[in-house]
Amino acid sequence: MNDVLLSGMVESPEKGRIRQDNEAVILPAAERVFARYGFRGATMQQIADEAQLPKPNLHYYFGNKQNLYLRVLERILHDWLAPLEAMVADADPKVALESYVRKKIRFSFTRPDASKLFANEILQGAQVVHPLLQNQLRQLVAEKARMLDGWIAQGKLRATDTTHFFFTVWSMTQTYADFDIQIAAILGSDAHSKGAEERATQHVLSCVLRICGLE
């Protein structure tokens, strides 16, 4: 968000910093509340309570619940896509893919609410984020699939459907957030530990590298 207020007046640097500080508290709080209650069930008061800020602050910075929900989803999508954007054609494929998988697993273990919220939005028809998916996500996946196709053409990877390859990676990594209750029912109290995260990472890495002929 830029530093222009709804009135069209430009914020001072000090107010801009205050805005950033408050948004840094409000957005994670909203992420947790929306993940817990959904868009319809969540209230601005609940989010304010979670953020430990006065409710008028939320309306001042975001206007209404719809705007705040969109900002939360935009933030999640940005953070979710960052590891994919970091993959570049001149990287070593094994190093790049290992880094991507590790970051995706890390996101699932540290931001499970973000993953669940985004998954719920998709299951509800993606009415809010559909334009983002059709544009930003679609373009990025097409770009990275072409990159993998280039590695395949160079003999660096085993031939595979590179678009569906990403669907497979997402399903393997995001399940640790979206179905964490199911996983915890099997693994018990250890399900969210660093050891469990590394175990999951090693398993998914083994699968991904085997698919690509890199193991």
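These legends describe close-up views of one predicted model.

**Figure 1. The whole chain is built from helices.**
The secondary structure of this predicted model comes to 10 helices and zero strands. Along the sequence, the pattern reads α-α-α-α-α-α-α-α-α-α. The protein has 215 residues, and 42% of them count as buried. Taken along the principal axes, the C-alpha atoms fill a box of roughly 55 × 40 × 35 Å. Two residues help to give the scale: His59 and Ala191. Their C-alpha atoms are 38 Å apart in space, and the two residues are 132 apart in sequence. His59 belongs to helix α3. The residue is partly exposed, at 34% relative accessibility.

**Figure 2. The largest pocket is lined by 20 residues.**
This pocket has a volume of about 450 Å³. Which residues lie nearest its centre? They are Ser115, Ala119, Ile122, Gln174 and Asp178. Four helices each supply at least two lining residues: α4 (65–85), α6 (112–123), α7 (130–153) and α8 (162–178). Helix α6 gives the most, with eight residues. By class, the lining of the largest pocket holds 13 nonpolar residues, five polar ones and two charged ones.

**Figure 3. Tyr100 and Phe166 pair edge-to-face.**
The structure holds 10 aromatic pairs. In the pair of Tyr100 and Phe166, the ring centres are 6.3 Å apart, with 80 degrees between the planes. The pair links distant parts of the chain. Tyr100 sits in helix α5 (residues 93–110) and Phe166 in helix α8, 66 residues apart. Are these two rings on buried or exposed residues? Tyr100 is buried, with a relative accessible area of 2%. Phe166 is buried too, at 0%.

**Figure 4. Phe166 also pairs with Phe165.**
The pair of Phe165 and Phe166 is edge-to-face as well. Here the centres lie 5.6 Å apart, and the planes make an angle of 70 degrees. Both Phe165 and Phe166 are buried.

**Figure 5. Four aromatic residues form one cluster.**
The members are Trp80, Phe118, Phe167 and Trp170.

**Figure 6. A lysine sits over a phenylalanine ring.**
The residues are Lys65 and Phe39. The charged end of Lys65 is 4.6 Å from the centre of the Phe39 ring.

**Figure 7. Gln52 has a positive phi.**
Most residues other than glycine have a negative phi. Gln52 is not a glycine, yet its phi is about 60 degrees. Where does Gln52 lie? It is in the loop between α2 (44–51) and α3 (55–62). Gln52 counts as exposed, at 72% relative accessibility.

**Figure 8. Ala126 has a positive phi in a buried setting.**
Phi of Ala126 is near 55 degrees, and this residue is other than glycine. Ala126 is found in the loop between α6 and α7. How much relative accessible area does Ala126 have? The value is 5%, so Ala126 counts as buried.

**Figure 9. Cys207 and Cys212 form no disulfide.**
A disulfide is a covalent bond between the sulfur atoms of two cysteines. A search of the whole structure finds zero disulfides. Why is Cys207 not bonded to Cys212? The closest cysteine sulfur to that of Cys207 is in Cys212, and it is 11 Å away, too far for a bond. The cut-off for a disulfide is a pair of sulfur atoms within 2.5 Å. From the other side, the cysteine sulfur closest to that of Cys212 is in Cys207, again at 11 Å. Cys207 counts as buried, at 18% relative accessibility. The limit for buried is under 20%. Cys212 is buried as well, with a relative accessible area of 2%.

Methods. Residues are numbered from 1 along each chain as its sequence is written. This is a predicted model: local features need pLDDT of at least 70, side-chain atom pairs count only at pLDDT 80 or more; totals for chains, interfaces and linings use all residues. Side-chain values use heavy atoms; hydrogens and water are left out. On a 1 Å grid over the protein atoms alone, a cavity is a set of points where a 1.4 Å probe fits but cannot get out, and a pocket is an open set with protein on both sides within 12 Å along at least five of seven lines; lining residues have an atom within 4 Å of a point. Grid points are joined across faces, edges and corners, and a volume is the space filled by probe spheres set on the points. Ala, Val, Leu, Ile, Met, Phe, Trp, Tyr, Cys and Pro count as nonpolar, Asp, Glu, Lys and Arg as charged, and the others, Gly among them, as polar. Rings of Phe, Tyr and Trp (its six-membered ring) pair if their centres lie within 6.5 Å; planes under 30 degrees apart count as stacked, over 60 as edge-to-face and the rest as tilted. Buried means under 20% relative accessible area, exposed over 50%, partly exposed in between (1.4 Å probe, protein chains only). A charge sits over a ring if NZ of Lys or CZ of Arg is within 6 Å of the ring centre and within 35 degrees of the ring normal.
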